[in-house]
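Reader: I am new to protein structures and would like a close look at one single part, with its surroundings explained step by step. Please start at one residue and work outwards from there.

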2 protein chains.
Amino acid sequence: MEQNEHAARENRRRFDTHNIRCVNLLGGAGCGKTALLEGTLPLLKDSCRAAVLEGDLATTRDAKRIDALGVPVVQLLTEGGCHLNATHVQQALEQVSLDELDLLIIENVGNPICPANFDLGEHLRVAVLSVAEGHDKPSKYPLLFKDAQLVVITKCDLLPHVDFDLDIVQTDVRRVNRSVELIRTDIKTGQGFDRVAEWIRGSAARPATENSAAEASGG
Amino acid sequence: MEQNEHAARENRRRFDTHNIRCVNLLGGAGCGKTALLEGTLPLLKDSCRAAVLEGDLATTRDAKRIDALGVPVVQLLTEGGCHLNATHVQQALEQVSLDELDLLIIENVGNPICPANFDLGEHLRVAVLSVAEGHDKPSKYPLLFKDAQLVVITKCDLLPHVDFDLDIVQTDVRRVNRSVELIRTDIKTGQGFDRVAEWIRGSAARPATENSAAEASGG
């Protein structure tokens, strides 16, 4: 853990030196993290130069989906590991032209638990929850939401078909993270992606000290 | 890991002494493991005496749902831990009347990665995947499916609304686990729960050596 903290600080220092904002995208397997990037990155294209690090246990499927958008991407394979650590990111940065970037998004391994324990050097954390996972998840997996600056509720097109109460989610998320913002998205209609893109643009413009995930969590 | 193997062997020895079959239920957060138990346990009531160990990070919500069925249940809280280990189970067994049981189902923490690495002393592993998680999951999370004797595909009522190809799932699951059985379930119509109950009854009746998860995985 100490080694991770050290590497995370190094990563953040490099991001700050290059004036890059780094976002750590967290959520369970199949909650729609890659689809969220597919919906949001095209809306950011004109205002910032973005790249993505894709964390997975196996396959390069997700990196291919990002590559298809014309966005630079590095696939990180954990070989069975349940989370990314700051050293994974440090190594991947060797393959990224930091001078040509404004925004780096790290899509973490699909797992609502372990990734939340590891600071990667990010400035912002975005937690993702799909309506198909159920509204009990913020109370059952509080760590995922505790240090996030934004919670994105995905797959809202499924709301008529699942038992999911947004009010319960909002109450339970705010119980562990009072000021966090929530945005609903829907891949079918594209609802909400503009708000996520706007949030990222706005957060990226603020000084690092105002919204650093590490400082918010005391790490 | 060595300590876990030792405790797992001890657990399995106790189950065998009491003629109890033990099932380890694995899958991501919100994939429908508790709902699967709610659908299946009532169908097993007349043919076997079952109890459940509920693994969670926080809250006793799932244990309450099992208790409402009139099935004995022990809640195991990992306090942020991402998986159950064999010692968790060993401790929980102190609260279970083993002489009055035929079947013990352990619902693991919702996480498609870490729990698969820990033998709990079970005889059988059941992996759960919801159609809302996407058909790419068996190729991205092969460990979840590799040592399972049964894969249950849940939330099939959502099939008309999501992009999920059962043939791809079947092919990718069989790539890492040739002989595993797949059963589809649907909480809305109740489809498939009778097949799962029948599978558990049938597997529980077979001698332990024929379908021990530990032996299948070489553990």
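Author: Let us start at B:Lys155, which counts as buried because 27 other C-beta atoms lie within 10 Å of its own. (Buried means 20 or more such neighbours within 10 Å, exposed means 12 or fewer, and partly exposed lies in between; the C-beta atoms are placed from the backbone.) Keep in mind that this is a predicted model, in which local features need pLDDT of at least 70 and side-chain atom pairs count only at pLDDT 80 or more, while totals for chains, interfaces and linings use all residues. Residues are numbered from 1 along each chain as its sequence is written, and chains are lettered from A and ligands numbered from 1 in the order in which they are written.

B:Lys155 has a positive phi of about 60 degrees, although this residue is not a glycine. To find B:Lys155, look in the loop between β6 and α7 (166-176) of chain B. (Helices are DSSP runs of H or I with at least four residues, strands are runs of E with at least two, and both are numbered from the N terminus.)

Now turn to chain A. A:Lys155 is buried too, with 28 other C-beta atoms within 10 Å. The phi of A:Lys155 is near 60 degrees, a positive value in a residue other than glycine. This lysine sits in the loop between β6 and α7 of chain A.

Let us step back from that loop into strand β6(A). This strand spans residues 150-154 and is mostly covered, with five of its five residues buried. The cover is on both faces: A:Leu150, A:Val152 and A:Thr154 are buried on one side, and A:Val151 and A:Ile153 on the other.

What does β6(A) pair with? One partner is strand β5 of chain A (residues 124-130), joined to β6(A) in the parallel sense over five bridges. (Two strands pair if DSSP finds at least two bridges between them.) Within this pairing, A:Val126 stands opposite A:Leu150, and A:Ala127 has A:Val151 as its bridge partner. Another partner is strand β7 of chain A (residues 181-184), which pairs with β6(A) in the parallel sense over four bridges. A:Val151 takes part here as well, with A:Leu182 in β7(A) as its bridge partner. From β6(A) the chain passes through helix α7 of chain A (residues 166-176) to β7(A), making a right-handed β-α-β crossover. (Right-handed means that, with the strands pointing away from the viewer, the path from the first strand over the helix to the second runs clockwise.)

Those pairings belong to a wider sheet. In chain A, seven strands form an open sheet with parallel pairing, in the order β3-β2-β4-β1-β5-β6-β7. At the edges stand β3 (73-77) and β7 of chain A, each with a single partner strand, so one side of each has no neighbour in the sheet. From one strand to the next, the twist averages 20 degrees. (Axes are lines fitted to C-alpha atoms, for helices over the stretch in contact, and angles run from 0 to 180 degrees between N-to-C directions.) Helix α2 of chain A (residues 33-44) packs on this sheet, where it touches β1 (21-27), β2 (50-56), β4 (103-107), β5 and β6 of chain A, and its direction makes about 170 degrees with that of β4(A).

What does chain A look like as a whole? Its secondary structure comes to nine helices and seven strands, and 52% of its 219 residues are buried. Its radius of gyration is 16 Å, which agrees with the value near 17 Å for a compact globule of 219 residues. (That radius is taken over C-alpha atoms, and the globule rule is 2.2 Å times the number of residues to the power 0.38.) The C-alpha atoms fill a box of roughly 45 × 35 × 35 Å along the principal axes.

Back to chain B, where we began. There, too, an open sheet of seven strands with parallel pairing has the order β3-β2-β4-β1-β5-β6-β7. Its edge strands, β3 (73-77) and β7 (181-184) of chain B, each pair on one side only.

Finally, look at where the two chains meet: 29 residues of chain B are in contact with 29 residues of chain A. (Contact means C-beta atoms, placed from the backbone, within 7 Å.) On the chain B side, α5 (137-140) and α6 (142-146) each supply at least two residues. Of the elements on that side, α5(B) gives the most, with three residues.
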